[in-house]
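Visitor: Got a minute to walk me through this one? I'd like to go piece by piece.

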Amino acid sequence: MEDVRQLIVRRAVKEIKDGMNVNLGIGMPTLIANEIPADFHVMLQSENGLLGIGPFPVEGEEDPDLINAGKETITEVPGSSFFDSAESFAMIRGGHIDLAILGGMEVSETGDLANWMIPGKMVKGMGGAMDLVSGAKRVVVIMEHVNKHGESKVKKSCDLPLTGQGVVHRLITDLAVFDFTQDGMVLVETHPGVSVDKVKESTEASFRVSSDLISQ
Amino acid sequence: MMNSFADAVADIKDGATLIVGGFGLCGIPEKLIFALRDSGVKDLTIVSNNCGVDDWGLGILLANRQIKKMISSYVGENKIFEQQFLSGELEVDLVPQGTLAERIRAGGAGIPGFYTATGVGTAIAEGKEVKMFNGKPYILEEGIVGDFALVKAWKADEYGNLVYRKTARNFNPLVATAGKVTIAEVEEIVKQGELSPDQIHTPGIYVQRLLQGQDYEKRIERRTVRKAN
């Protein structure tokens, strides 16, 4: 794993508390599963119909009837349950998932998220992302702070089509952590060696700096 | 019970709407898809979470140019899909996965529409009725009913009660309720009374045609493993 992603993943795992039911999105969020403390009782939900995702199977024990939402072969943990897709999204839409961690393409200062389509490119579909961001109790987005051209992905308003409006509770990037509150976007944490000025320079969105800012 | 997959799909005509179970390549009715390929029926509207891959699952019908429209939540695994979509040959209606599941469930349960927060403030909400509940906006989504529903289960009894296995359940139980005619293919059919009534996932009332398939291939889309300790 490259350093930037590792930094984000290591910070993101701290969002998971003992006893939570959690949905991790496809891609970088999936890597968080490996970092959850071994003594935590956490159930990971897979929206295709499993609460209690286990590790990948050992070679030879792959079961085509047991996959995660990224279509990868997986196992189930003791105490897990299988269910159909309507039940799965009842659980999501009904607010029973404590935390959803998703990847992002853009986040706005009002907590809008865009992560499912780029106009002009092939549209693959939103899968369960729109349901997750509007249904989970808490939505955390993880992404790199700037794109490969050095432009801020943390914007005044999203240019890309939205996945959800005002749905993000917390954003974790490779520079900082932000919360979205009734009073707007707040910088709550900077990563080691990152100054508030550096965060301001790299961010198009307007935000205030928390009086309890954690800087390492 | 029927013996011939060809007979089971013989009355599916050009232009029919089919609701098809499965998630990715997991829990797809692979024998019924072959039978549709062989029947040559075309201009199908297919409601299914995904559209297979280039040479497997619903991708087979796509490659054979039998599909006019797909209603799905995620279609990213298929190059032929991309070509037909970009050339305008194929219509696509993308629906959030939970909304798709609930639209099928609602259709099968006789509920013509429901309100959901999913998609509020996004392109999905365009043209849809918005209603406020407890000060929050919700959009109206409609139930889906198909001319036929195609289902894959693990086991059935002779009455048509169905049991699914692990995550191969996915959309199948909802799909089973939402067809005017529901056709189920299974790996094993046992005598009536051999399945525990407490363990039935789909009561046989929803199933009009039942077939046992042989030699399931069950392709794996992404084989991921860890090293043994």
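Visitor: How do E6(B) and E7(B) pair?
Guide: In the antiparallel sense, over four bridges. Strands here are DSSP E runs of at least two residues and helices are H or I runs of at least four, numbered from the N terminus; two strands pair if DSSP finds at least two bridges between them. Bear in mind that this is a predicted model, where local features need pLDDT of at least 70 and side-chain atom pairs count only at pLDDT 80 or more, while totals for chains, interfaces and linings use all residues. Residues are numbered from 1 along each chain as its sequence is written, chains are lettered from A and ligands numbered from 1 in the order in which they are written, and side-chain values use heavy atoms, with hydrogens and water left out.

Visitor: What stands opposite Phe133(B)?
Guide: Lys136(B), in E7(B). The hairpin has two residues between the strands, and Asn134(B) there takes a positive phi near 50°.

Visitor: And which sheet are those strands in?
Guide: An open, antiparallel one of three strands in chain B, in the order E5-E7-E6. E5 (113-116) and E6 (130-133) of chain B are the edge strands, each pairing on one side only. The twist averages 40° from one strand to the next, where axes are lines fitted to C-alpha atoms, for helices over the stretch in contact, and angles between N-to-C directions run from 0 to 180 degrees.

Visitor: Does anything pack on it? Which helix, I mean?
Guide: H5 of chain B, residues 97-108, touches E5 and E7 of chain B, and its direction makes about 155° with that of E5(B). Contact means heavy atoms within 4.5 Å. E5(B) also pairs with E7(B), residues 136-142, over four antiparallel bridges, with Thr116(B) opposite Ile139(B).

Visitor: Switching to chain A: what's the order in the sheet with E6?
Guide: E7-E6-E9, three strands in an open sheet with mixed pairing. E7 (113-114) and E9 (154-155) of chain A each have a single partner strand, so one side of each is left without a neighbour in the sheet. E6(A), residues 106-108, runs parallel to E9(A), joined by two bridges, and Ser108(A) stands opposite Lys155(A).

Visitor: How much do the two chains bury between them?
Guide: About 4,000 Å², 61% of it on carbon and sulfur atoms. Buried area is the accessible area (1.4 Å probe) that two parts lose on being put together, summed over both. Lys166(B), Thr167(B) and Arg226(B) supply 16% of what chain B buries against chain A, more than any other three residues. The contact takes 48 residues from chain B and 44 residues from chain A.

Visitor: What about the second largest pocket? Who's nearest its centre?
Guide: Ser134(A), Gln165(A), Gly166(A), Val167(A) and Lys136(B), out of 20 lining residues. The volume is about 320 Å³. On a 1 Å grid over the protein atoms alone, a pocket is an open set of points with protein on both sides within 12 Å along at least five of seven lines, a cavity is a set where a 1.4 Å probe fits but cannot get out, and lining residues have an atom within 4 Å of a point. H3(A) gives the largest share of that pocket's lining, three residues.

Visitor: Any closed spaces? How many cavities of 30 Å³ or more?
Guide: Four. The largest cavity holds about 70 Å³ of space, and its lining includes Pro64(A), Asp65(A), Cys26(B) and Tyr216(B). Points are joined across faces, edges and corners, and a volume is the space filled by probe spheres set on them.
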